[in-house]
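Let's take a friendly walk through a protein model, one piece at a time. Have a look at the sequence and the 3D view first, then read on.

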Amino acid sequence: MEVYLLHYLLLQSGGQSGVWTVSVIILSIGTWVGRVGPRPADGELALLTSPRERLETVRQVLSEVPLIDGHNDLPWNIRNFLHNQLAEFDFDRDLRQVAPWSKSAWSQTDLVRLRQGMVGGQFWAAYVPCESQYLNAVQLTLEQVDLIKRLIEKYSQHMQFAASSREILEAHGRGRIASLIGVEGGHSLGSSLAVLRTLYQLGVRYLTLTHTCNTPWAKSSSVEDDDEDGGGLTTFGEMVVKEMNRLGMLIDLSHTARATMRDALRISKAPLIFSHSSAFAICNSSRNVPDDILKQLADNGGLVMVTFYNYFVKCGPQASVSDVAEHIYYIRNLIGVDHIGVGGDFDGINKTPRGLEDVSKYPELFAELLRSGKWNVLDLKKVAGLNLLRVLKQVERVRDDLRTAGITPLEDLPDSPDTIGNCALDINSVQRVTEV
Ligand SMILES: *[C@@H]1O[C@H](CO)[C@@H](O)[C@H](O)[C@H]1NC(C)=O
Ligand SMILES: [Zn+2]
């Protein structure tokens, strides 16, 4: 520590006179803190610690507050590689040593590395591709929800199912990874509020309103046209948002078109999230969040969980952990530290930043924030998990308030109206026949 400090001060001061006096004073403080004090909570001191000490501070932080990541696509890879047959899956092995994972650029997750990375909570994505829209999207989604639950059950020594802010803390307190389910893409609903309600009952706690396809009721960023002011959510889309408020499900705006973001921000009574998106001002991908939306998100008390895919971090194939930190600094300057989280999108990406190659590397990101000298321990805790916990609690409060106010399930539309285009039995025609 001492050697590092001296080196640092000499570099910073350019060897000017007075450096030795300053050094001695700072060294004394450093030694004192190191020997008798707690981990440095003050930004100035954090700047003067060594990389090893910064990591120690981060590890202390992540033992006190669960690091909750917004998005991981492992379940889809299990579908791809193993057809959801978990008997063949050794999640507690280092998958860098196990085929086919070892050969895939899309694999960055296993329990060994989740533990190294001190991940305390994870939203596992129940994702199914847009190609299944109007076909078997709902069935495939149910299968992914089932897969995630079976995975948690199989590795219950390490993972614990969580569906509330309280359950996240409970799992973390028991040293298990709080495992939540998020459905990525409104196409998984088959345009049915009954399906939405059932997914909630199964424990799904966020719905990303779109993936890369439009749904009949929400526009996706991937098919955004020039008509910037065009509608994002239809009347039914607004009903989906209201029903999510009533249920207590987080509304996720990653992948949605700007018009959808604006509509959802306007309609929702509860704070919203971006489960895996970064700052558009730094990398102008349509998957990232523009400044005006970030400001509205903060006004609603919501959260952007900064994502790591190189093409969203640097708009190119190369990026590093400090580039990810740049997004975090930018968002903090714009809307404050209360509205930032992390959503790595591991196992859903094939280009990861240098220094953030897999789920074992989260502490490096927090150590990088500490290195800037402008972050204290509470700031780190907020980004790691306190912000997400606050948002989820608020969503739960809105749910409880609506229940108290006597708001009942929305049934303005009949279930399975025959206008939604699903390749399916027209249930209404069957009923007419059997009634005769
Ligand atoms: C991002 O910026 C580049 C270079 O200025 C431009 O060519 C591209 O169209 C922009 N993309 C978006 C989504 O705005
Ligand atoms: Zn995604």
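## A leucine in the middle of things

Leaving out residues up to four places away in sequence, L392 touches S165 and L250; touching, or being in contact, means that C-beta atoms placed from the backbone lie within 7 Å. This is a predicted model, so local features need pLDDT of at least 70 and side-chain atom pairs count only at pLDDT 80 or more, while totals for chains, interfaces and linings use all residues. Residues are numbered from 1 along each chain as its sequence is written, and chains are lettered from A and ligands numbered from 1 in the order in which they are written.

Where does L392 lie? Its home is helix α16, residues 377–404. (Helices are DSSP runs of H or I with at least four residues, strands are E runs of at least two, and both are numbered from the N terminus.) L392 counts as buried because it has 27 C-beta neighbours inside 10 Å. The cut-offs go like this: 20 or more other C-beta atoms within 10 Å of a residue's own makes it buried, 12 or fewer makes it exposed, and in between is partly exposed, with C-beta atoms placed from the backbone.

## A strand wrapped on both sides

Now for β4 (177–184). Eight of its eight residues are buried, so β4 is largely enclosed by the rest of the structure. On one side you'll find I177, S179, I181 and V183, and on the other A178, L180, G182 and E184, all of them buried.

β4 has partners too, where pairing means that DSSP finds at least two bridges between two strands. Strand β2 (residues 119–127) runs parallel to β4 over seven bridges, with G121 opposite A178. Strand β3 (residues 159–161) also pairs with β4 in the parallel sense, over three bridges, and here A178 is the bridge partner of Q160.

## A helix with a buried side

Which residues of helix α9 (residues 193–201) are buried? They are L193, L196, L199 and Y200. They cover an arc of only 115° around the axis, so they sit on the same side of α9; the arc is that of the directions from the helix axis to the C-beta atoms. Their cover includes β4, β5 (204–208) and α10 (235–247).

After α9 comes G203, which has a positive phi, near 110°.

Technical notes. Contact = placed C-beta atoms within 7 Å.
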